[in-house]
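Ready for a few short exercises? Have a look at the chain below, then work through the tasks one step at a time.

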Amino acid sequence: MAYAAGIDIGGTTIKLGLFTDTGVLKDKWEIPTRTEENGKYIFSDIADALLSKLNTMDLGLSDLVGVGVDVPGAVLPDGTVNKCVNLGWGVIRAGDMLSEALGGIKTAVCNDANAAALGEAWRGAGNGADSMCMVTLGTGVGGGIILNGKIVEGAFGACGEVGHIPYNDDETESCGCGKKGCVEQYASGSGIARMCRRKLVSDGRDSSLRGYDAPDAKIIFDEAKKGDAVALELVDDFSKVLGKTLAIISAVIDPELFVIGGGVSKNGPIVTEGIQKYFRKYAFHASRDARIELATLGNDAGMYGAVHLVLGE
């Protein structure tokens with residue numbers, strides 16, 4: 001049996017998965033991400049962890065078809081990583097560096113949101129969809145676009161940066177990207193919490209949210225499910241931002257499916273139901289029936305996508 005490895009590099013941890021060459025996940029584990037000295041140890045740490053796992057399974061590098069890796073930054077079509085600030089990387093050839101650490105093995109490199117989209121399209125909620133947009137709602141808002149079964153990376157590796165679509169010209173606070181009024185400032189987990197803080201200051205109504213020191217997105221959605229009026233309004237505001245944003249995306253790429261992933265998606269159907277309502281309100285009439293569904297692979301989506309990429313399926 002042949003195998004492939006999927007590597008999901010995050011700012012805190014690196015997730016590793018060993019798959020069969022048919023896409024079955026056999027084992028997964030994590031190691032810390034060492035970002036000191038501009039992330040110089042990341043590739044050697046991955047190589048050591050992978051070789052150790054193979055050894056425990058009486059396997060070697062010759063049993064691997066290849067290694068796919070996703071990174072939290074823009075990746076150019078030739079595999080060049082165009083900076084990963086939270087890893088300490090500048091512009092590097094990540095695939096070549098990992099291949100060198102693993103004796104010249106075949107590698108493929110992808111942006112993390114694109115990898116998650118590929119994973120969901122291959123083995124998750126998007127299975128069978130030829131055109132799909134995945135939106136990940138976590139600390140920020142990421143995205144990945146698949147058309148004709150293939151990921152679209154863009155000329156500068158930035159295709160799918162849903163979180164940085166400009167939404168509000170009147171915003172006074174800056175987004176992490178340096179602009180003001182990005183979608184991410186209203187629809188990410190941190191953005192929802194930010195809007196809650198604003199609302200509790202400007203709105204004098206009683207709310208169960210006032211019983212928490214710093215309500216996060218989960219608390220806000222939980223209190224909305226219990227019927228708290230302020231929490232329900234916050235969820236509705238979030239839904240409008242995402243619904244309208246997806247309608248804009250739909251007018252450009254017209255996908256059959258939107259998949260919603262990331263930590264915020266774990267709040268369940270209340271997320272997709274609200275987005276769907278506003279999507280249908282704002283979308284061009286021909287695109288209104290696009291499906292909006294929750295992701296199913298969770299934190300493993302990136303590994304699945306990276307493996308899919310290196311297998312060339």
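**Exercise 1.** Which residue in S12 does Phe258 stand opposite?

Before solving, some ground rules. This is a predicted model, where local features need pLDDT of at least 70, side-chain atom pairs count only at pLDDT 80 or more, and totals for chains, interfaces and linings use all residues. Residues are numbered from 1 along each chain as its sequence is written, and side-chain values use heavy atoms, leaving out hydrogens and water.

*Solution.* Start with S11, residues 257-261. Strands here are DSSP E runs of at least two residues, and helices are H or I runs of at least four, numbered from the N terminus. S11 runs parallel to S12, joined by four bridges; pairing takes at least two DSSP bridges. Opposite Phe258 you'll find Ile292.

**Exercise 2.** Place S12 in its sheet.

*Solution.* Read off the order of this open, mixed sheet of five strands: S10-S9-S8-S11-S12. Then check the ends: S10 (150-151) and S12 (291-294) are the edge strands, each pairing on one side only.

**Exercise 3.** How many disulfides does the structure hold?

*Solution.* Look for cysteine sulfur atoms within 2.5 Å of each other. The count is zero. Take Cys84: its closest cysteine sulfur, in Cys110, is 12 Å away, so that's too far for a bond. Next, Cys182 is in no disulfide either, with the sulfur of Cys177 nearest at 3.7 Å. Finally, Cys182 counts as buried because its relative accessibility is 0% (buried means under 20% relative accessible area, exposed over 50%, partly exposed in between, with a 1.4 Å probe and protein chains only).
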